[in-house]
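Hi,

Here is the structure I promised to pass along, with some notes on what turned up in it. Have it open while you read, and tell me if anything is unclear.

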Amino acid sequence: DLHLDGAVNGDVDVERLTIGPTGSVVGAIRADSVEIRGQVSGAVTARQVRLSATARVDGDISHAELAIEAGAHFEGRSLTLPEAQATEPVALLSAAAE
């Protein structure tokens, strides 16, 4: 589990990620669960994705479940993971993407 309130320039691959209101990621994110309150510039791949009202995401989101609160900014595509991928562990999703 990772709670991020700072800035990361690069890819993030964890089980659960929470990006706080002051947090930002420039790069791809792969996780089982992601809650975004800050900024992301890059692709997000996770089974569960939640964008809070303070979230700003510029990039595609691949997901099984997606929740977007009023006020969130999302510019990109919302892509549903195929059912087989939605039940696979994140490590297998990462290997399949390579």
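One term first: a nonpolar core here is a set of buried Ala, Val, Leu, Ile, Met, Phe, Trp, Tyr and Cys residues joined through side-chain atoms within 4.5 Å. Buried, in turn, stands for a relative accessible area under 20%. Please also keep in mind that this is a predicted model.

With that in hand, the largest nonpolar core has 17 residues. Those with the most contacts inside this core are I19, I29, V34, I36, V40, V44 and L51. Strands β4 (16-19), β6 (29-36) and β8 each supply at least two residues of the core. If you would like to look at one of these residues up close, try I36. Leaving out residues up to four places away in sequence, I36 touches I19, V44, R50, L51, S52, A55 and V57. As a general background, nonpolar side chains tend to be buried together in soluble globular proteins.

Now the overall layout. The chain holds two helices and twelve strands. Reading from the N terminus, the elements run β-β-β-β-β-β-β-β-β-β-β-β-α-α. Of the 98 residues in the chain, 33% count as buried. The chain exposes about 5300 Å², with carbon and sulfur atoms supplying 48% of that area. Among the contacts in the chain with a separation of 6 or more, 8% are accounted for by residues 24 or more positions apart.

Next, the strand pairing. One open sheet is made of five strands in the order β2-β5-β7-β9-β11, and the pairing is parallel. Its edge strands are β2 (7-9) and β11 (73-75), each of which pairs on one side only. On average, and ignoring direction, neighbouring strands of this sheet are turned by 5° against each other. For a detailed view inside this sheet, take β5 (residues 24-26) and β7 (residues 39-41): these strands run parallel and are joined by three bridges. There, S24 stands opposite Q39 of β7.

Strand β10 also has partners to look at. Seven bridges join β8 (residues 44-51) to β10, and the two run parallel. β10 and β12 (residues 78-80) pair in the parallel sense too, over three bridges. H63 is a handy place to see both pairings: A46 has H63 as its bridge partner in β10, and H63 stands opposite T80 in β12.

Is S62, found in strand β10 (residues 61-68), buried or exposed? The serine counts as buried because its relative accessibility is 16%, and the cut-off for buried is under 20%. Setting aside neighbours within four places in sequence, S62 is in contact with V44, T45, A46, L79 and L81.

The charged pairs may interest you as well. The count comes to seven salt bridges, and here are three of them:

- D1 and R16 form a salt bridge whose closest N and O atoms are 2.8 Å apart. D1 lies in the segment before β1 (2-4) and R16 in strand β4, so the pair ties together parts that are 15 residues apart in sequence. D1 counts as exposed at 68% relative accessibility, while R16 counts as partly exposed at 45%.
- R47 and D32 form a salt bridge, with 2.7 Å between the closest N and O atoms. R47 sits in strand β8 and D32 in strand β6, so this pair ties together parts that are 15 residues apart in sequence. At 19% relative accessibility, D32 counts as buried.
- D60 and R77 form a salt bridge, the closest N and O atoms being 2.8 Å apart. This pair links distant parts of the chain, 17 residues apart: D60 is in the loop between β9 (56-58) and β10, and R77 is in the loop between β11 and β12. D60 is partly exposed, with a relative accessible area of 23%.

One last residue to find is E75, in strand β11. Not counting residues up to four places away in sequence, E75 touches V57, D58 and G59. The C-alpha atoms of E75 and G59 are separated by 6.2 Å, with the two residues 16 apart along the chain.

Happy to go through any of this with you.

Best wishes

Note on methods:
Residues are numbered from 1 along each chain as its sequence is written. This is a predicted model: local features need pLDDT of at least 70, side-chain atom pairs count only at pLDDT 80 or more; totals for chains, interfaces and linings use all residues. Side-chain values use heavy atoms; hydrogens and water are left out. Two strands pair if DSSP finds at least two bridges between them. Helices (H or I, at least four residues) and strands (E, at least two) are DSSP runs, numbered from the N terminus. Axes are lines fitted to C-alpha atoms, for helices over the stretch in contact, and angles run from 0 to 180 degrees between N-to-C directions. Buried means under 20% relative accessible area, exposed over 50%, partly exposed in between (1.4 Å probe, protein chains only). Contact means heavy atoms within 4.5 Å. Accessible areas come from the Shrake-Rupley method with a 1.4 Å probe; for residues, only the protein chains shown count as cover. A salt bridge is a side-chain nitrogen of Lys or Arg within 4 Å of a carboxyl oxygen of Asp or Glu.
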